[in-house]
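Work through these exercises with the structure open. Try each task before you read its solution.

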Amino acid sequence: MDRYERILTLHRLLKSAHYPVPLSRLMDELECSRATLYRDVAFLRDALGAPVQSVAGDQASFRYEAGEGDSFELPGLWLTSDELAALMALNELIGRSDPGVLAGALAPFKARIERLLSDHGSGKALPVDRIRVISWGARKLDQQVFRIVAGAVLERRQVTFRYRARTTNSDTRRTVSPQRLTHYRDNWYLDVWDHDREALRSFAVDRIAEPQAQEARAKDVEETELNELLASSYGIFAGKPKAWATIRFSSHAARWVADEHWHSQQKGEWLPDGRYELKVPYSNSRELLMDVLKYGPDAEIVAPLPLREEMKILLQLALSGYQNGNNGNHH
């Protein structure tokens, strides 16, 4: 344990203790000699202004002065190596996960994090480039749109915008009360109360154009209601579950699927022959079918029958594209 860690540990021990802490326990916790401990106590008291008291008795012990100890905090930001490792990961997320949107807003924090990382301990910079964050399928976002939308969520203001739906390609103007921003599968979505439809909706932020924050206060929807409609069945475009899907995976795929989180209410069980059966509630079948398709022949939808038929049609359509004799080359 380096000096930085010892000072932090010493502070946390004295801050949380209800009684004076014996010298022997402090030496054990800090993994140091008596002389080193006395030097650390002196540094904590004299250089950092901590209200440390020596308590006489059968054995030497230390405490923070009653009253003052409750309000005293170490100056600046003090972190353990575990906390620094988490900060390193966050630093990389800020810089790499969605640089266009987050980098500008978080640049000041990023600079401070990097300073903290390099000033820690010996002063050597930690190899942050050894942590990688690779996004998959992220769509391009307009930074200005994201800022206005995020601001409206936090300031609890209604917002108007133009929205072009992917499914219909229709262009509509919406007035909404934003409820929360959701980052899902490398893309951002805005959960709202839609005043025109008088219902909860989710909008892809990358399809929002010309957003304008309004003076009117946003209507607040209870979190339980939000979760019931927007998170109760499979996928982000959920709605109330209309059925449970039963999917069986081959023994080969089972090793991965058994450890995967598909839904908060999922039910999974191993079958005697080594296959794995997963049950999840769903409303909109599209996203669920896409996720099952990626397992190819290692996954089979068993129930309900309409979902099984929908998958069969999808597979037949996909196969027909390969069977029509046109391989993409025109001779």
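**Exercise 1.** Which residue forms a salt bridge with Arg6? Then place both partners in the chain and judge their exposure.

*Solution.* This is a predicted model. Start with the pair: Arg6 bridges to Asp40, and their closest N and O atoms are 2.6 Å apart. Next, place them. Arg6 lies in helix H1 (residues 3-16) and Asp40 in helix H3 (residues 34-47), 34 residues apart, so the pair links distant parts of the chain. Now apply the cut-off: buried means under 20% relative accessible area. Arg6 has 12%, so Arg6 is buried. Asp40 has 1%, so Asp40 is buried.

**Exercise 2.** Which residues are linked with Arg173 in a network of salt bridges? Trace two of the links.

*Solution.* The network holds Arg162, Arg164, Asp171, Arg173 and Glu210. Take Asp171 and Arg162: their side chains meet at 2.7 Å, N to O. Asp171 is partly exposed at 35%, and Arg162 is partly exposed at 27%. Now take Glu210 and Arg173, with closest N and O atoms 3.3 Å apart. This pair joins strand S8 (residues 208-217) to strand S5 (residues 171-184), across 37 residues. Glu210 is partly exposed at 45%, and Arg173 is partly exposed at 43%.

**Exercise 3.** In which sense do strands S2 and S3 pair? Then examine Arg63.

*Solution.* S2 (residues 52-55) and S3 (residues 61-64) pair in the antiparallel sense, over four bridges. A hairpin of five residues joins S2 to S3. Val55 stands opposite Ser61. Arg63 sits in S3 and is partly exposed at 30% relative accessibility. Among its contacts beyond four places in sequence are Val52, Gln53 and Val55.

Methods:
Residues numbered from 1 in each chain as written. Predicted model: local features only at pLDDT ≥ 70, side-chain atom pairs only at ≥ 80, totals over all residues. Heavy atoms only, no water. Pairing = 2+ DSSP bridges. Helix = DSSP H or I, 4+ residues; strand = E, 2+ residues; numbered from the N terminus. Buried < 20%, exposed > 50% of the residue type's maximum accessible area, 1.4 Å probe, protein only. Contact = heavy atoms within 4.5 Å. Salt bridge = Lys/Arg side-chain N within 4 Å of Asp/Glu carboxyl O.
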